[in-house]
Amino acid sequence: MNAAATRNGVAPFLPWRVRVAMFTRLLAIQASWNYELMLGPGLGFCIEPALRLLPGGRGGKAYREAMARQTRYFNAQPYFAAVAVGALARAELDGYPPEQIERFRTAMCGPLGSLGDRLVWAGWLPFSALLALLAFGLRADAPLVVLVFLLFYNAGHLGVRVWALMAGWRGGLRVATSLGGPLLRRGPALLSRGIMALAGVALPLSIWRILQGLPVPPVPESEVVRAVGGVAIASSILLAAVVGVVLVRLHSRVEGWRVALAVLAVLIIYSVAR
Amino acid sequence: MTGADLLALLPVAIVGALLGLDVVSFPQAMISRPIVAATLGGALAGDITSGLIAGAVLEMIALEMLPVGASRYPEWGTASVVGGALAAGFYTLPGAAVVAIFASIATAWAGGWSMYGLRRLNGIWARRDRGQLEAGAPGAAASLQLRGLSADLLRGFVLTAIALLIWTPITSWVLQRWSLDRTLSHVALAAMAAAVAGSAAWRVSQGVKWARWCFVGGLAIGFATLMLR
């Protein structure tokens, strides 16, 4: 790579086989996640195809030094870690001083973690899940519900990974400007509003489908027929509202899944013991 | 348990292993989310609709847990396959969904601990390979990744198989003694799941302007749609 030319801001051409190899490896970036180095070895693993382009090739001095740097401690949201992968690969190939690369590496952890957590884990994922629940509530068949979720979620997931890798490569150590775009800044708030609107529509409809969609056993006067009645639905929604308010009030002191586990345990014990 | 039973368990355990891998290690495409995993589990056990319903309930409960970094959270991938398979396997019996969801949440809890164990194991391997990593040895990082992937795949397989071996006879035993009205138990199940999902959405949108009005608007549309049915 021509360091002088690339430092002027124009990203050099990265061979397609290297891009594809880096992208594929990004899908497994967390494979060796651990409490000591966290994402570090995974980050090194993803950058490695680009480092083979360093003078001396695979196993050369420059390659070994760069690999040693890139497998040290690192942590970020896994999809947005692609920004760091692209940027660090570019910095290594541009021949930036090791201290500068290490400073940049450390500085990227916080922003990439926080942005990814807000945008993906607390935004896109619940939004996609609620969209699938809406399809479920609207009586879509099982394959359609699954497809709605997988296609919608992964359009965003794969889009983010591709964008992040290329933005990192194009921006190099100046990639921070790409992270200040309007979509990334306003995205979490927009998604939160979408989540709330979808939750409002999807939850009552899902309750209805859960009660209506009970499997019908081969007996003529099934209780299931009664289960779809308005009283059952109204009771469910009312109960959900009361328990929901309690859970919101107890925020951070109790996790909903533990409460659900305890309630179901009581229900099972009562039903068996009485 | 006969050899045929164990053989029938194999495809579910394989799917559990693959979906368990998706949770963190590869490819995180969220095929491990309950709405997908339980539906697959149900399809494998012979009733896709029961799997879907179990998946929807579990998805609502799982909405609350964000898979953020180093925190320990329930592992829904393998657990949902187990829940979907149990719900489908016993679908004609009253209480099947309740017991399947309970088994699934308990498995997810155990799964969270198994992920913690896996991360500790990855740490041991990383410490052992520190010399090679610090020397930038070619293949050192790839070898670590490969071991992590293999261990995670094995974790998912073993967890699914053990969960099914434990929960199938327990579910059968409980359902033979089940006395609660089917309607009542499902009202409780649906309400509990919706409450957890609603409170999760509320928490996610804390401090966002107009978010709560969006919820009210959505609720109005949801109720209107229900009324029109």
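I began with how the contacts of chain B are distributed along its sequence, and found that, among contacts between residues at least 6 apart in sequence, 76% join residues at least 24 apart. I note at the outset that the model I am reading is predicted.

**Chain B as a whole**

I then looked up the secondary structure and recorded nine helices and zero strands for chain B, so that I could write its order along the sequence as α-α-α-α-α-α-α-α-α. For the extent of the chain I took the C-alpha trace along its principal axes, which spans about 65 × 60 × 20 Å. Chain B has 229 residues, and 59% of them count as buried. Its accessible surface comes to about 8,500 Å², with carbon and sulfur atoms accounting for 71% of that. I also looked at charge: the chain carries 15 positive and 10 negative side chains, and I noted a distance of 8 Å between the centres of the two sets.

**Backbone entries**

Which residues of chain B are joined by a cis peptide bond? I found the bond between Phe26(B) and Pro27(B), where omega is about -5 degrees, and I placed Pro27(B) in the loop that runs between α1 (3-24) and α2 (34-45) of chain B.

I next looked up positive phi values in residues other than glycine, and entered Arg139(A), whose phi is near 70 degrees. Arg139(A) sits in the loop between α6 (98-137) and α7 (142-171) of chain A. Its relative accessible area is 47%, and because partly exposed covers the range between 20% and 50%, I entered Arg139(A) as partly exposed.

In chain B, Trp210(B) is not a glycine either, yet has a positive phi of about 70 degrees. I located Trp210(B) in the loop between α8 (182-204) and α9 (211-228) of chain B. Is Trp210(B) buried or exposed? Its relative accessible area is 54%, and since the cut-off for exposed is over 50%, I entered Trp210(B) as exposed.

**The interface of chain A and chain B**

I turned to the interface and noted that 100 residues of chain A are in contact with 104 residues of chain B. The area buried between the two chains is about 9,000 Å², and carbon and sulfur atoms give 75% of it. On the chain A side, the residues that lose the most area to chain B are Tyr35(A), Met196(A) and Trp257(A), which together make up 9% of what that side buries.

How many salt bridges does the rule find across this interface? I recorded one salt bridge between chain A and chain B. I also entered a salt bridge in which the side chain of Glu36(A) meets that of Arg127(B), with an N to O distance of 2.7 Å.

**Ala190(B)**

My last entry concerns Ala190(B), which I found in helix α8 of chain B. Its relative accessibility is 0%, and because buried means under 20%, Ala190(B) counts as buried. With what is Ala190(B) in contact, once its neighbours within four places in sequence are left aside? I listed Ile207(A), Ile210(A) and Ser236(A) as its contacts on that basis. Within chain B, I also took the separation of the C-alpha atoms of Ala190(B) and Met60(B), which is 9.3 Å, although the two residues are 130 residues apart along the chain.

Definitions and conventions
Residues numbered from 1 in each chain as written. Chains lettered and ligands numbered in written order. Predicted model: local features only at pLDDT ≥ 70, side-chain atom pairs only at ≥ 80, totals over all residues. Heavy atoms only, no water. Helix = DSSP H or I, 4+ residues; strand = E, 2+ residues; numbered from the N terminus. Buried < 20%, exposed > 50% of the residue type's maximum accessible area, 1.4 Å probe, protein only. Contact = heavy atoms within 4.5 Å. Areas by Shrake-Rupley, 256 points an atom, 1.4 Å probe, with all protein chains shown as cover. Lys, Arg positive; Asp, Glu negative; His and termini not counted. Charge placed at Lys NZ, Arg CZ, Asp CG, Glu CD. Buried area = accessible area lost by both parts, 1.4 Å probe. Salt bridge = Lys/Arg side-chain N within 4 Å of Asp/Glu carboxyl O.
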